Amino acid sequence: ITSVKRLSTDLRTHFSLDQNYPNPFNPATTISFNLPSESIVSLKVFDALGREVSSLISEELPAGSYSQHWNAEGLPSGVYYCRLQAGSFSETKKLILIR
């Protein structure tokens, strides 16, 4: 079960994807991001080979700061990549899962 937690309604001036915490993690981590305007948001996690392993968010969200919990239970240790796409913005961060 996952949910998107809205942290604030403060207007940000730019899109951003923060580094997950904790990193490295076992087996759960939190991914935070900021939206300066209402956007259709896609937040996905990929393995080192570029295969999608989890789609965390795929919906329209209002401007604000958000936090998304991800549990990698059942996945092997290794490097994963989290990609945020919102409008024309796209950013990717490296996540490290250690068992």
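A salt bridge is taken here as a side-chain nitrogen of Lys or Arg within 4 Å of a carboxyl oxygen of Asp or Glu. In this predicted model, E91 and K93 form such a salt bridge, with their closest N and O atoms 3.5 Å apart.

## Salt bridges

The structure holds 3 salt bridges, and the table sets out the residues and the N to O distance of each.

| Acidic residue | Basic residue | N to O distance |
|---|---|---|
| E91 | K93 | 3.5 Å |
| E52 | K44 | 3.5 Å |
| D47 | R51 | 2.7 Å |

The partners can also be described by their accessibility. E91 is partly exposed, with a relative accessible area of 23%, and K93 is likewise classed as partly exposed, at 22%. In the bridge between E52 and K44, E52 has a relative accessible area of 43% and is partly exposed, while K44, at 21%, also counts as partly exposed. D47, which meets the side chain of R51, is buried because its relative accessible area of 10% falls under the 20% cut-off.

## Strands and the open sheet

The chain contains 0 helices and 8 strands, and read along the sequence it follows the pattern β-β-β-β-β-β-β-β. An open sheet is formed by 4 strands in the order β5-β4-β7-β8, with antiparallel pairing. Strand β5, covering residues 52-61, and strand β8 are the edge strands of this sheet, each pairing on one side only. With direction ignored, neighbouring strands of the sheet are turned by 15° against each other on average.

Within this sheet, strand β7 (residues 78-86) and strand β8 (residues 89-97) run antiparallel and are joined by 9 bridges. G78 stands opposite L97 in β8. The two strands β7 and β8 form a hairpin with 2 residues between them, and G87 in that turn has a positive phi of about 60°. In general, strands of a sheet pair through backbone hydrogen bonds, in either a parallel or an antiparallel arrangement.

## Aromatic pairs

A search of the whole structure finds 4 aromatic pairs. One of them brings together F15 and F89, whose ring centres are 5.3 Å apart and whose planes stand at 15°, so the pair is stacked. Because F15 lies in the loop between β1 (4-8) and β2 (16-17) and F89 lies in strand β8, this pair ties together parts that are 74 residues apart in sequence. F15 counts as partly exposed at 21% relative accessibility, whereas F89, at 18%, counts as buried.

F33 and Y66 form a stacked aromatic pair as well, at 5.4 Å centre to centre and with 20° between the planes. This pair links distant parts of the chain, since F33 is placed in strand β3 (residues 28-35) and Y66 in strand β6 (residues 64-71), 33 residues apart. Both F33 and Y66 are buried. Elsewhere, ring pairs link F25, W70 and Y80 into a cluster.

## The chain as a whole

Of the 99 residues of the chain, 38% count as buried. The accessible surface of the chain comes to about 5,500 Å², and 51% of this surface belongs to carbon and sulfur atoms. Among the contacts in the chain with a separation of 6 or more, 62% are accounted for by residues 24 or more positions apart.

Definitions and conventions. Residues are numbered from 1 along each chain as its sequence is written. This is a predicted model: local features need pLDDT of at least 70, side-chain atom pairs count only at pLDDT 80 or more; totals for chains, interfaces and linings use all residues. Side-chain values use heavy atoms; hydrogens and water are left out. Two strands pair if DSSP finds at least two bridges between them. Buried means under 20% relative accessible area, exposed over 50%, partly exposed in between (1.4 Å probe, protein chains only). Axes are lines fitted to C-alpha atoms, for helices over the stretch in contact, and angles run from 0 to 180 degrees between N-to-C directions. Contact means heavy atoms within 4.5 Å. Accessible areas come from the Shrake-Rupley method with a 1.4 Å probe; for residues, only the protein chains shown count as cover. Rings of Phe, Tyr and Trp (its six-membered ring) pair if their centres lie within 6.5 Å; planes under 30 degrees apart count as stacked, over 60 as edge-to-face and the rest as tilted.
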